[in-house]
Amino acid sequence: MSDRIYNVLFLCTGNSARSILAEAILNKEGRGRFRAFSAGSQPKGEVNPHALKELAVLGYPTEGYSSKSWDVFAEPGAPEMDFIFTVCDSAAGEACPVWIGHPVTAHWGVEDPASAVGTEAEVQRAFAQAARYLKNRITAFLALPLQSIDRMALEAKLRQIGSMEGSTNPQGKAS
């Protein structure tokens, strides 16, 4: 087993819900094998309270998250990313910064729970569903043999993961 720690960046437009959920889930489930971050192209400036509530319900840490620009991770001295996953369709279609090190990228689109309307219970249910879909993708990602798979096969597997249940990109189109 390698001692290598992989850096993973989850991107979304607002960086207030889905990317925050994914960051928290991977940091805990990756248990030191991965270091997760999140950012957005047009950050809201604050984390959605429903996202933090869902993290607490699921037993994940709720402290230390912030809504920030993806430019932070393109600056000199920023951690070099091994993987970058877009979790919203609008961020997947935007022109991203140039990432140092040519990370492997994939689109893992999930419906935006922050746009859910209805009762408090209905909104929280949307956040629970998004968290479940993201956790399923992250669990599949963690099961990949990263040390022994070539880049083309890895990219194909990551696209397959992105088309799992709840995908906003069910055809598995290239991102």
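Strand 2, which covers residues 34-40, is mostly covered, with six of its seven residues buried. The model described here is predicted. Strand 2 runs parallel to strand 1 (residues 6-12), and seven bridges join the two. Within this pairing, Asn-7 stands opposite Arg-35 of strand 2.

These two strands belong to a protein with five helices and four strands. Read from the N terminus, the order of elements is β-α-β-α-β-α-β-α-α.

The overall dimensions can be compared with expectation. For 175 residues, a compact globule would have a radius of gyration near 16 Å; the protein has 15 Å, so the value agrees with that of such a globule. The C-alpha trace spans about 45 × 35 × 30 Å along the principal axes of the protein.

Burial and contacts complete this description. Of the 175 residues in the protein, 46% are buried. Among contacts with a separation of 6 or more, 72% are between residues 24 or more positions apart.

The surface and the charges are summarised below.

| Property | Value |
|---|---|
| Exposed area of the protein | about 8,600 Å² |
| Share of the exposed area from carbon and sulfur atoms | 52% |
| Positive side chains in the protein | 17 side chains |
| Negative side chains in the protein | 19 side chains |
| Separation of the centres of the positive and negative sets | 6 Å |

Carbon and sulfur atoms thus supply 52% of the area that the protein exposes, while the centres of the positive and negative sets of side chains lie 6 Å apart.

Terms used
Residues numbered from 1 in each chain as written. Predicted model: local features only at pLDDT ≥ 70, side-chain atom pairs only at ≥ 80, totals over all residues. Heavy atoms only, no water. Rg over C-alpha atoms; globule rule 2.2 N^0.38 Å. Buried < 20%, exposed > 50% of the residue type's maximum accessible area, 1.4 Å probe, protein only. Contact = heavy atoms within 4.5 Å. Areas by Shrake-Rupley, 256 points an atom, 1.4 Å probe, with all protein chains shown as cover. Lys, Arg positive; Asp, Glu negative; His and termini not counted. Charge placed at Lys NZ, Arg CZ, Asp CG, Glu CD. Pairing = 2+ DSSP bridges.
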